[in-house]
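Please read the model below alongside its sequence. The paragraphs that follow start from a single residue and work outward to the whole chain.

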Amino acid sequence: GFVILCDTMTDHGAGLLKVTVVKATGLPAQSGAFDKTDPFVKLVLVTDDDVEGESVMTAVKDNAGSDPVWNETFTMNKKEEEDILEVRIYDDDTLANDFLCSRQIDLDEVKTGAPKKSRKKPLRGHSKIPAKEADDSTCYTMVREGKEVGKIYLKIEFDI
């Protein structure tokens, strides 16, 4: 009923999510011997049922290789049920963008310090969210095929 809907909204809430993509380190090299990786980040809001919401992309960092710096801030419209932020990093390529790594972030945990209890399946690459860095960003480990490959530094703020 209606009452339950109100309850849920106070718990998680729809609203604006501000994400700053600061930098990445130790990304896997994809390209040929003479061509350094041209990485970019795609951020996607996702529900527990894998329904994708709004997505945004950073600029491509030509020849940035394994340690690109973006310092780009995005404001995303978060629906109530979109409580996962999926971070994907690709290598920009003429023919097709090569997938480098990804990670799912539990937005409930970012907001309250406690991960959502009732997930349908574990989040990809999820591990306990570490303490913030000196610049107020948080370092998240990225994964590819179950292996840890590189890190991304993000600032995530809720403006509800």
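**From one aspartate outward**

Asp83 sits in the loop that runs between β4 (69–78) and β5 (84–91). The coordinates come from a predicted model, and the values below are computed from it. With a relative accessible area of 2%, Asp83 is buried, because the cut-off for that class is under 20%. Leaving aside residues up to four places away in sequence, Asp83 touches Val46, Asp48, Ile105, Asp106, Leu107, Asp108, Lys116 and Arg119. One of these neighbours, Arg119, is joined to Asp83 by a polar contact of 3.1 Å between the side chains.

Which residues are linked with Asp83 in a network of salt bridges? The network holds Asp48, Asp83, Asp106, Lys116 and Arg119. Side chains of opposite charge can pair when their charged atoms come close. Two pairs that involve Arg119 can be described in turn.

In the Asp48 and Arg119 pair, the side chains form a salt bridge with an N to O distance of 3.0 Å. Asp48 belongs to the loop between β2 and β3 (52–57), and Arg119 to the loop between α2 (107–112) and β7 (138–144), so this salt bridge ties together parts that are 71 residues apart in sequence. Both Asp48 and Arg119 are buried.

The side chains of Asp106 and Arg119 also meet in a salt bridge, at 3.3 Å from N to O. This pair, too, links distant parts of the chain: Asp106 is in strand β6 (residues 98–106) and Arg119 in the loop between α2 and β7, 13 residues apart. Asp106 has a relative accessibility of 2% and therefore counts as buried. Arg119 has a relative accessible area of 17%, so it is buried as well, the limit being 20%.

A further salt bridge connects the side chains of Lys121 and Asp50, with 2.6 Å between N and O. Here again distant parts of the chain are linked, with Lys121 in the loop between α2 and β7 and Asp50 in the loop between β2 and β3, 71 residues apart. Are Lys121 and Asp50 buried or partly exposed? Lys121 is partly exposed at 42% relative accessibility, and Asp50 is partly exposed with a relative accessible area of 43%. Across the whole structure, a search finds 11 salt bridges.

**The hairpin and a buried leucine**

Asp50 also has a place in the backbone geometry. β2 and β3 form a hairpin with five residues between them, and Asp50, in the turn, has a positive phi of about 65°. The two strands, β2 and β3, pair in the antiparallel sense over four bridges. Lys42 has Met57 in β3 as its bridge partner.

Strand β2 (residues 39–46) also contains Leu43. At 0% relative accessibility, Leu43 counts as buried. Apart from residues up to four places away in sequence, Leu43 touches Val19, Val21, Glu54, Ser55, Val56, Phe74, Met76, Leu85, Glu86 and Val87. Leu43 and Arg88 are 45 residues apart in sequence, while their C-alpha atoms are 6.4 Å apart in space.

**Cysteines**

How many disulfides does a search of the whole structure find? The search finds zero. A disulfide is a covalent bond between the sulfur atoms of two cysteines. Cys101 is buried, with a relative accessible area of 0%. Cys139 is buried too, with a relative accessible area of 12%.

**The whole chain**

The protein chain has two helices and eight strands. Read from the N terminus, its elements follow the order α-β-β-β-β-β-β-α-β-β. Of the 160 residues in the protein chain, 41% are buried. Taking contacts in the protein chain between residues at least 6 apart in sequence, 62% join residues at least 24 apart. The accessible surface of the protein chain is about 8,700 Å², and 52% of that surface belongs to carbon and sulfur atoms.

To return to the starting point, buried Asp83 shares a salt-bridge network with Asp48, Asp106, Lys116 and Arg119. Within that network, the salt bridge of Asp48 and Arg119 joins the loop between β2 and β3 to the loop between α2 and β7. The salt bridge of Lys121 and Asp50 links these two loops as well.

Technical notes:
Residues numbered from 1 in each chain as written. Predicted model: local features only at pLDDT ≥ 70, side-chain atom pairs only at ≥ 80, totals over all residues. Heavy atoms only, no water. Buried < 20%, exposed > 50% of the residue type's maximum accessible area, 1.4 Å probe, protein only. Polar contact = N/O pair within 3.5 Å; in protein donor to acceptor, adjacent residues only side chain to side chain. Contact = heavy atoms within 4.5 Å. Disulfide = S-S within 2.5 Å. Salt bridge = Lys/Arg side-chain N within 4 Å of Asp/Glu carboxyl O. Pairing = 2+ DSSP bridges. Areas by Shrake-Rupley, 256 points an atom, 1.4 Å probe, with all protein chains shown as cover.
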